Amino acid sequence: MTDLDQAHAAMEAAPEDDAARLRFYERLADTEMFMLLGAEAVDDQITPELFEIEDQRFTLVFDREERLSQFVGRAAPYAGLPGRALVQMLAGQGIGLALNLDVAPSAMLIPAEAVDWLVATLGNTPDETEARLSEVSAPNVPEAVVTGLDRKLAIAAGMARFAYLAAATYDDGAQGHVLAFVDAAPGAEQALAGAASEALTFSGIEAGVMDVLFVRASDPLAAHLAKVGLRFDLPEPVAPQAPGAPGMDPDKPPKLR
């Protein structure tokens, strides 16, 4: 079973559990998806294969290339892109996702309204504020938040060396938590802040405030965080491979036509 299969099974087993539902949609956003096309891509323009069920339009998507091939049973054009890029491309188009139909336990129809909801949820970016820390200590957050951060940062390869999660007290007496990234790569700050925000959002728990900081390994704060914080190691960057199907180059996302 794939990660998406497992998340789908957990959601189906507990239909009233909002946290399980959120985790499924998080996995959908973070998974590389393969969308069946109605025609070969032309430059960066793609035409999804669409069909209608009860007056709703759907496009066929799969979380494995072999699953797409199994469903189609023949050579067919397709585009590969991250789930988050896929739903952002379809947002507002009135197009839902026909996920893994007939080829996996995670087969389901995701209506256009759910696609738009996921895009809006992913768009909840953190606000920039200025506050002065007065104390950091051992963190005290639900296990779901720790698990979510661990999962989210595992796909942030090369964006920073590691991160520390710690409880925080500010000069004005406010309390919360802080996630401090150590030696972040230039230009990666926004993506890392967004990943932290998503981990909190998709945990399904009102976990309070979690701010994001960026420090250098030589900063005194980093040394203190190493003593009291919970450390997350980010993976080393993977050497880029030549793009295959349309959409596989993250610097050239496809466009609908």
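**Exercises on salt bridges and helix α2**

By the rule that a side-chain nitrogen of Lys or Arg lies within 4 Å of a carboxyl oxygen of Asp or Glu, the count comes to 15 salt bridges. This is a predicted model, in which local features need pLDDT of at least 70 and side-chain atom pairs count only at pLDDT 80 or more, while totals for chains, interfaces and linings use all residues. Residues are numbered from 1 along each chain as its sequence is written, and side-chain values use heavy atoms, with hydrogens and water left out.

**Exercise 1.** Determine which parts of the chain the salt bridge of Arg 84 and Asp 30 links, and classify the burial of Asp 30.

Solution.
1. The N to O distance between the two side chains, Arg 84 and Asp 30, is 2.6 Å.
2. Arg 84 belongs to helix α4 (residues 83-90) and Asp 30 to helix α2, 54 residues apart; helices are DSSP runs (H or I, at least four residues), numbered from the N terminus.
3. Buried means under 20% relative accessible area, exposed over 50%, and partly exposed in between (1.4 Å probe, protein chains only).
4. Asp 30 is buried because its relative accessible area is 18%, whereas Arg 84, at 23%, is partly exposed.

**Exercise 2.** Compare the span of helix α2 with its expected value.

Solution.
1. The expected span is 1.5 Å times one less than the number of residues.
2. For the 13 residues of α2 (residues 18-30) this gives 18 Å, and the end C-alpha atoms are 18 Å apart, so the values agree.
3. As to burial, 10 of the 13 residues of α2 are buried, among them Leu 22 and Phe 24.

Conventions:
Helix = DSSP H or I, 4+ residues; strand = E, 2+ residues; numbered from the N terminus.
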